[in-house]
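Work through the exercises below with the sequence and the coordinates open. Try each task before reading its solution.

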Amino acid sequence: MPTLVYADVALRPMSRPWAAIRLDTMIEVDGLTKAYGQHLAVDGVSFRVEPGTVTGFLGPNGAGKSTTMRMMVGLTPPTAGSSTILGVPYSKIPNPGTYVGVLLDASAQHAGRSGREVLHLGTMLMGLDESRVDEMLHLVGLSEVEAKRRVGNYSLGMRQRLGIAHALLGDPQVLVLDEPANGLDPAGIRWMRGLLRGFAERGGTVLLSSHLLHEIEMIADELVVIGRGKIVAQGSKDELVSASGTLVRSLDLDTLAVALKQAELVFTRTATNSLIVQSTGEQIGRAAAGAGVVLTELRPAEGAGLEEMFLQLTADDARDEVSS
Amino acid sequence: MSALTASPAPIDLSQTRRVRMSRLFRVELRKVTDTRAGMWLLIAIGAITLLAVTIFLFAAEPSELTYENFAGVTATPQGFILPVLGILAVTSEWSQRTGLVTFTLEPSRIRIVIAKFLAVVALGLAAVAVALAAGALFNVLGTGLADGAGDWNLGIAGARDFTLLQLMSIVQGLAFGMLLMNSAAAIVLYFVIPIAWSILFSLVGALEDAAPWLDLGTAQQPLFDDHSLTATEWSQLLVTSLIWIVLPFAAGVMRLLRSELKSA
């Protein structure tokens, strides 16, 4: 286990005057689409990420998160659509590692290299001072001894820390991280939250993906939710979590649904045998009374909307650990 | 927040230079040597080179102990390992998935290909230098220990042919690696194709005359032998190199430029 560093984020003072060179949109994804034969892995995905925010890219396994991120950094050619980071396509950024820190797969490192060597190669390529290696190792809590071990012997959590260290090596302004919390224990997730929060407070921009709602709720303040290749919701976490609506359960959900339809109320059926209705409790109660249906629960949805939506997505896409 | 978002001007990326080729070259060179597999291959090249000249020193007739022969006996064992280095220089980007990092830090894939090409050529030249140095040392030892002839008969042409042979093999390895993107497949095919090919030529009599034009090994034979290639022999070398090195290299580059790098 790596030594956990809980101290405040020890990022060095910014070497570049970020405030002087701000964009109002750091990442812009516009209609990205990726087709594999007949299958649309990513289908017209569009979103923007603003500076100083941590944006969570949430979706079940196989929803298209990783494919979208790979298209954003030029590793996968899109079938249609485009994306920019810092206002230009990623491939047009000179020495991109010094502007955008990317971690797409923590395990995608040569098993035969030491953690220190991985970072050393990064400093060589980006033309950075060798001292960055020790700074980043310290920042992510990998000890001197651990850094000398080969990555093949690392736990997933240690690889994630190394991957974060590598992404931060070039002192970037934007971070693009695919499932960075995967393999971290709860303390590690808390550590990462502190790290990314500090990074964003300094004006940095983070896009990170996860297939776990509670994980992303802990870390992100903006959410982009993807399911089966399409964006299904986006907005601030507060907005989405406190999404308006009333949750209702009944002994006879089908009859209730018919009654709500007749009353022209808008609703969605959840995976847990309840309805989320975009109306007041009174309107729902009247419709139910009219149809003679017994209600067993009637209350404000309070974020159940997001959770239900996510459960629905996950249930629909229940696949056995097929990663995107 | 408003102070931070006050100036929505585009970030000035023009002040940053792209990654210099010299840096890419040094990184790619280091990547070939800084893994356990790479390090052992390098050690193996050195060890086998020394082993070959040592065995030759004690096994050969004194009259055969010349510089050309000492250098020559290192060619075949080195020729087994150099292409593997060339193959692994590129296949590890896929098998170990380091390509996700490599092609993210330098999005221009053709520049990575150029850096890798330069790196394996540099390694090939280093191997040649080791072989020539070991050959020279043992030629001197040969005259002292085994009453060897000790002729310094390699000559410019001999050194040229030797260098050419080793560089062809390591570059061909790189080409096979790019084309197949899989270490095992590339290594097996690299060694099996010439065997299958020579069996074919020996079985089909009608093909025997065509062999120097189609079989790289046959066309390379004069590089081992007399170091005075005729115009026809140079042409044969050129044609077979086109077929077995340049063509796979070009196809490999096309594949590398177009492929998608997948995570997990």
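**Exercise 1. A helix over strands**

Across which strands of chain A does helix 9 (residues 253–262) lie, and at about what angle does it run to strand 12 of chain A?

Solution. Start with the source: this is a predicted model. Next, find the strands under the helix. Helix 9 of chain A lies across strand 10, strand 11 and strand 12 of chain A. Then take the direction. Helix 9 of chain A runs at about 20 degrees to strand 12 of chain A.

**Exercise 2. The four-stranded sheet**

Give the strand order of the open sheet of four strands in chain A, and find its edges.

Solution. Step one is the order: 11-12-10-13, with antiparallel pairing. Step two is the edges. Strand 11 (267–269) and strand 13 (295–300) of chain A each have a single partner strand, so one side of each has no neighbour in the sheet. Step three is the twist. Neighbouring strands of this sheet are turned by 20 degrees against each other on average, with direction ignored.

Now look at one pair. Strand 10 (residues 246–250) and strand 12 (residues 275–277) of chain A pair in the antiparallel sense over three bridges. For Thr246(A), the bridge partner in strand 12 of chain A is Val277(A).

**Exercise 3. The three-stranded sheet**

Describe the open sheet of three strands in chain A and the helix that packs on it.

Solution. Read the order: 2-1-4, again with antiparallel pairing. Mark the edges. Strand 2 (39–49) and strand 4 (80–85) of chain A each pair on one side only. The twist from one strand to the next averages 20 degrees.

Follow the pairing of strand 1 (residues 27–36) of chain A with strand 4 of chain A: five bridges, in the antiparallel sense. Thr33(A) has Ala80(A) as its bridge partner in strand 4 of chain A.

Add the helix last. Helix 1 (residues 65–72) of chain A packs on the sheet and touches strand 1, strand 2 and strand 4 of chain A. The direction of helix 1 of chain A makes about 115 degrees with that of strand 1 of chain A.

**Exercise 4. A helix pair**

Characterise the packing of helix 3 (residues 131–140) and helix 5 (residues 156–168) of chain A.

Solution. Two quantities come first: the angle between the axes of two packed helices and the distance between those axes. Here the axes of helix 3 and helix 5 of chain A come within 9 Å and cross at roughly 135 degrees. That makes helix 3 of chain A oblique to helix 5 of chain A. The crossing is right-handed.

Now list the residues. Helix 3 of chain A brings Met136(A), Leu137(A), Leu139(A) and Val140(A). Helix 5 of chain A meets them with Arg161(A), Ile164(A), Ala165(A) and Leu168(A). Sorted by class, this contact has seven nonpolar, no polar and one charged residues.

**Exercise 5. Chain B and confidence**

How many helices and strands does chain B have, and where is confidence lowest and highest?

Solution. Count the elements: ten helices and zero strands. Size the chain: the C-alpha atoms of chain B fill a box of roughly 90 × 50 × 35 Å along the principal axes.

Then check confidence. Chain B averages a pLDDT of 89, and 95% of the residues score at least 70. The lowest mean is 87, in helix 9 (residues 216–224) of chain B; the highest is 96, in helix 1 (residues 21–33) of chain B. Residues 1–10 of chain B have pLDDT below 50, and this stretch has 15 contacts beyond near neighbours in sequence.

Finish with the complex: the predictor gives an ipTM of 0.88 and a pTM of 0.84.

Definitions and conventions. Residues are numbered from 1 along each chain as its sequence is written. Chains are lettered from A and ligands numbered from 1 in the order in which they are written. This is a predicted model: local features need pLDDT of at least 70, side-chain atom pairs count only at pLDDT 80 or more; totals for chains, interfaces and linings use all residues. Axes are lines fitted to C-alpha atoms, for helices over the stretch in contact, and angles run from 0 to 180 degrees between N-to-C directions. Helices (H or I, at least four residues) and strands (E, at least two) are DSSP runs, numbered from the N terminus. Angles under 35 degrees count as roughly parallel, over 145 as roughly antiparallel, 65 to 115 as roughly perpendicular and the rest as oblique. A crossing is left-handed if the near helix is turned anticlockwise from the far one by less than a right angle, and right-handed if clockwise. Two residues are in contact if their C-beta atoms, placed from the backbone, lie within 7 Å. Ala, Val, Leu, Ile, Met, Phe, Trp, Tyr, Cys and Pro count as nonpolar, Asp, Glu, Lys and Arg as charged, and the others, Gly among them, as polar. pLDDT is the predictor's confidence in each residue, from 0 to 100. Two strands pair if DSSP finds at least two bridges between them.
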